[in-house]
Amino acid sequence: MKLLNKRLQLVAFIIVALMIALSQILPGYLSASQDIISLNEKQFIAHIDRQIPKLMKSYSIPGSSILIIRDGKELWSNTYGYADEEQQRPLTTESIIMAHSISKSVTAWGVMKLVQKGKIRLDDPVSDYINSWEFPASDFPEQEVTIRRLLSNSAGVPLGTFGAHYSTADGVPPLTESLSGDDVRLIREPGSSFIYSNSGFAVLELLIQEVTGRDFATYMEEEILLPLGMNNSGYNLTESMLPKIPRGYDLNGRSIRAYLYPYRASGGLFSTLGDLGRFAVAGMALHDANPGHSVLSPESVAGLYIPQISVPGMFGVVTDSYGFGHFIEQLPDKGIAVWHGGQGLGWMTHFHSVPERGAGIVILTNSQRSWPFMAHVLNDWSRWSGFGPVKFSRIVPAVSGFRIIVGLILLISLWRAGQIISEIKAGKRKLTFLNSNASNTQIFELSVWVIVTASLLWATKQDYLFISSIFPVGAVWLGWTLLFLSLVLLVSVLLPVDRTTEIFNSNR
């Protein structure tokens, strides 16, 4: 009966804590969303201006810049915080940032330009156009690796070595040298499923070079960037660009200098807020004066947004499918939003666009702690624009839910710790190592302790944890909470309840 009462008390304790947490989170979240819908342009911009510094402070983000597009034109842009915290150097609209994986969307334009000119065909094997390199041997046929599948991350090519980069002073090895071994060895049947792949876009980089006879950076500058008015963007980092590049800051707030990726097509673009805004506008093709028409026909632009493969797993929480270099999301009103983000050591970038409505947003930060920040901004923007919330904003309630889970784990740990302390004071516990008479509770707590401790040790050995990007604050709290839980469990295992005392007391 006493054990049953204790369990009922714990359940009641958890339910009350959960209700309190939800009552603090949901009303504010919902009421804020409702208010935003009714704001005019001036009021919404004022709202964003107030919110950005608060969110940056919450997630320890040194600098950010935002650009909003409405009716196919830039409505407003602004920058906040620092390009260099130590030197108090402000971030500006002229700051040149590492666009990271937004590069994939730009590369898709470069490939589609060759398709439009009849230089390549989407459903041809990419190997038909490449003579200087071939796929490493695998269990899958390389003839099934088509240009279409590479563009849509469905060719069976793996992600590639995550985080590989080089100093700006050292430069990078030749592309064919980087494209070797396991980075590009097929791991799934081409066309069977979505695999986000930096290496796959590197193969497209090589394709462009072999077909055009030009360096990838030169081709992209002459055929895509300059015609779109992206005059401050490029893949070759020059000495004149270096002073304009902000310092990046990793998940722990450490300062990071600019660097180079071995694969430029997948993440090597350097750009500015205004240039990425012009790129987003070019993809809307709302009017004849759109500079995108000089690069790709409206039909070719629309082809970028045709879903090619459904997206499962973690990516599937924030999108539905992948087209050519773009994530594609079905909106509630049957329209589509297209977007891409970029993440690398020290920087995060994102653009979201609803081409049919001429609405878009670009968000850039020099911190790896920025996904929740971006989700908040996207939530406000998409609701105000009348088609939200976009799926990326699901990170907002996910952060709140994660905090509740961490809080519950902490509360349970404190409850158990208090129980153990009370039993030690009452003389019910004594030092006893596991033996054949160990109780089920002792065995269970030892098993949980092993799992929690092993997980913590594994996490400390990782260079990067995906969960830390989604929950940069909560992940730290989770680590300390699990460490506390581990200590509580260890004490309980080493100082178990004296079962002979329990039996004696019950008989009395």
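Reader: Before we look at helix H16, what is the expected span of a helix?
Author: The expected span is 1.5 Å times one less than the number of residues in the helix. This is a predicted model, with local features needing pLDDT of at least 70, side-chain atom pairs counting only at pLDDT 80 or more, and totals for chains, interfaces and linings using all residues. Residues are numbered from 1 along each chain as its sequence is written, and side-chain values use heavy atoms, leaving out hydrogens and water.

Reader: Thanks! And how far does H16 reach?
Author: H16 (residues 474-494) has 21 residues and reaches 30 Å from first C-alpha to last, close to the expected 30 Å. Helices here are DSSP runs of H or I with at least four residues, and strands are E runs of at least two, numbered from the N terminus.

Reader: Which H16 residues are buried?
Author: Among them are Leu478, Leu482, Leu485 and Leu489; buried means under 20% relative accessible area with a 1.4 Å probe, protein chains only.

Reader: What covers them?
Author: The cover includes helices H13 (395-425), H14 (440-460) and H15 (466-470).

Reader: Switching topic, at what angle do H6 and H7 pack?
Author: H6 (residues 198-212) and H7 (residues 216-225) pack at about 80°, with axes 9 Å apart. That makes H6 roughly perpendicular to H7, a label for angles of 65 to 115 degrees.

Reader: Which residues make the contact?
Author: Glu205, Ile208, Gln209 and Thr212 of H6 meet Phe216, Tyr219 and Met220 of H7, where contact means heavy atoms within 4.5 Å.

Reader: Last one: how many helices and strands are there in the protein chain?
Author: The protein chain has 17 helices and 15 strands.

Conventions. Axes fitted to C-alpha atoms, helices over the stretch in contact; angles between N-to-C directions. Parallel < 35°, antiparallel > 145°, perpendicular 65-115°, else oblique. Buried < 20%, exposed > 50% of the residue type's maximum accessible area, 1.4 Å probe, protein only.
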